[in-house]
Amino acid sequence: MVFSLPLCGSWKALSQTVHSPVSAAYLGLGAYSNNHVDVFSFHPNQAALAKINAASAGIYGEKRFLLKELSLYNVTVALPTHSGNFGLDARYYGFADYNETQLGLAYGRSVGNKIDVGVQFNYYSVRIAGYGNASTVNFEIGTIFHLTDKLNAGLHAYNPVGGKLGKVEEEKLASLYSAGIGYEASEKVFLSAEIEKQEDEPINVNAGLQYKFLRQLLARAGVSTATSSMYLGIGFGWKSLRMDATASYHPQLGVTPGLLLIFAFNKKEQ
């Protein structure tokens, strides 16, 4: 991304998307699952909010490629109600001289027994030292179809009409479309695959696997084809708290470590 003039004039750049965690596929792996959904599952598809049955909160942090200037922090909250479920997503990426912030408010609910729908409205801001700030508002929308008791599929669109930045709105946030599918192979094994197409970028496929050794212990692993990146993580649960240690590996840029914490309020025992 290259900026030619300060915000008071124009700001010219190629379209971009809001920075997501390198392990974004790890965080959202449960989106197309009935049994492995958590507070982060609505990131790739807001319709997944409909399956969250307990108020919960989560925080995730990563040091991208071991550089503190590329650190990302994400706080997420889900609140089920009788009128549908609400979600709050807050992200911060970067450091003092360059950073991006996004605040999102999401809503998801079931429409009958076979379809869930969801929508999220985002406020996005970017700050560059010496240039100032710019911000925009956009939205994303998703749906999930429950094809069978074990098979779910869904569609998602991020920024379909295009939020623009700057005084003369010359920089546009890129649009992103995805289709995903999830299969509950057993009570312990869940498989997921997602195809993404970002504006001006090649098609990316996220494929992942979750295995529950015990109710309190799980492992996740997967790959993103566009960057040939692999991710894995181990999660340990104790009562209403879950902690995951994650790692992603890029062939040229190296390792990105991450830590995830989830707390479910008044969670019912399975």
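**Figure 1. Strand β12 and its partner β11 in the predicted model.** Ile-195 has Val-205 of β12 as its bridge partner. The coordinates shown here and in the other views belong to a predicted model. Strand β12 spans residues 204-214 and pairs with β11 through 8 bridges, in the antiparallel sense. The two strands form a hairpin with 5 residues between them. Within this hairpin, Asp-200 adopts a positive phi near 65 degrees.

**Figure 2. Strand β11 and its partner β10.** Strand β10 covers residues 176-184 and β11 covers residues 189-198. The two run antiparallel and are joined by 9 bridges. One of the bridge pairs is formed by Leu-176 and Gln-198, the latter in β11. A hairpin links β10 and β11, with 4 residues between the strands. Strand β11 thus appears in both views, since β12 also pairs with β11.

**Figure 3. The largest nonpolar core.** This core consists of 21 residues. Leu-27, Phe-40, Leu-49 and Leu-260 have the most contacts inside the core. Two elements, α1 (24-27) and β16 (254-264), give two or more residues to the core. The largest contribution comes from α1, with 3 residues. A second core, separate from this one, has 11 residues, among them Leu-72, Tyr-93, Tyr-124 and Ile-128.

**Figure 4. Surroundings of Leu-27.** Which residues does Leu-27 contact, leaving aside neighbours within four places in sequence? The contacts of Leu-27 are Pro-21, Asp-38, Phe-40, Ser-41, Tyr-60, Arg-220 and Leu-260. Phe-40 and Leu-260 are, with Leu-27 itself and Leu-49, the residues with the most contacts inside the largest nonpolar core.

**Figure 5. Ser-33 in the loop between α1 and β1.** Ser-33 is located in the loop that lies between α1 and β1 (56-63). Is Ser-33 buried or exposed? Ser-33 counts as buried because its relative accessible area is 2%, and the cut-off for buried is under 20%. The side chain of Ser-33 makes a polar contact of 2.7 Å with the side chain of Glu-184. A polar atom of the Ser-33 side chain also lies 3.1 Å from the backbone nitrogen of Asn-35. With neighbours within four places in sequence left aside, Ser-33 is in contact with Asn-152, Glu-184 and Phe-190.

**Figure 6. Leu-261 on strand β16.** Leu-261 belongs to strand β16. The relative accessible area of Leu-261 is 33%, so the residue is classed as partly exposed. Not counting residues up to four places away in sequence, Leu-261 touches Phe-40, Ala-57, Gly-58, Ile-59, Arg-242 and Met-243. Asp-244 is 17 residues away from Leu-261 along the chain, and the C-alpha atoms of the two are separated by 6.5 Å. Phe-40, listed among the Leu-261 contacts, is also a contact of Leu-27.

**Figure 7. The protein chain as context for the close-up views.** The chain contains 1 helix and 16 strands. Of its 270 residues, 46% are buried. Among contacts between residues at least 6 apart in sequence, 47% join residues at least 24 apart. The chain exposes about 13400 Å², and 64% of this area is supplied by carbon and sulfur atoms.

Note on methods. Residues are numbered from 1 along each chain as its sequence is written. This is a predicted model: local features need pLDDT of at least 70, side-chain atom pairs count only at pLDDT 80 or more; totals for chains, interfaces and linings use all residues. Side-chain values use heavy atoms; hydrogens and water are left out. Two strands pair if DSSP finds at least two bridges between them. A nonpolar core is a set of buried Ala, Val, Leu, Ile, Met, Phe, Trp, Tyr and Cys residues joined through side-chain atoms within 4.5 Å. Buried means under 20% relative accessible area, exposed over 50%, partly exposed in between (1.4 Å probe, protein chains only). Contact means heavy atoms within 4.5 Å. A polar contact is a pair of N or O atoms within 3.5 Å; within protein, one must be able to donate a hydrogen and the other to accept it, and residues adjacent in sequence count only if both atoms are side-chain atoms. Accessible areas come from the Shrake-Rupley method with a 1.4 Å probe; for residues, only the protein chains shown count as cover.
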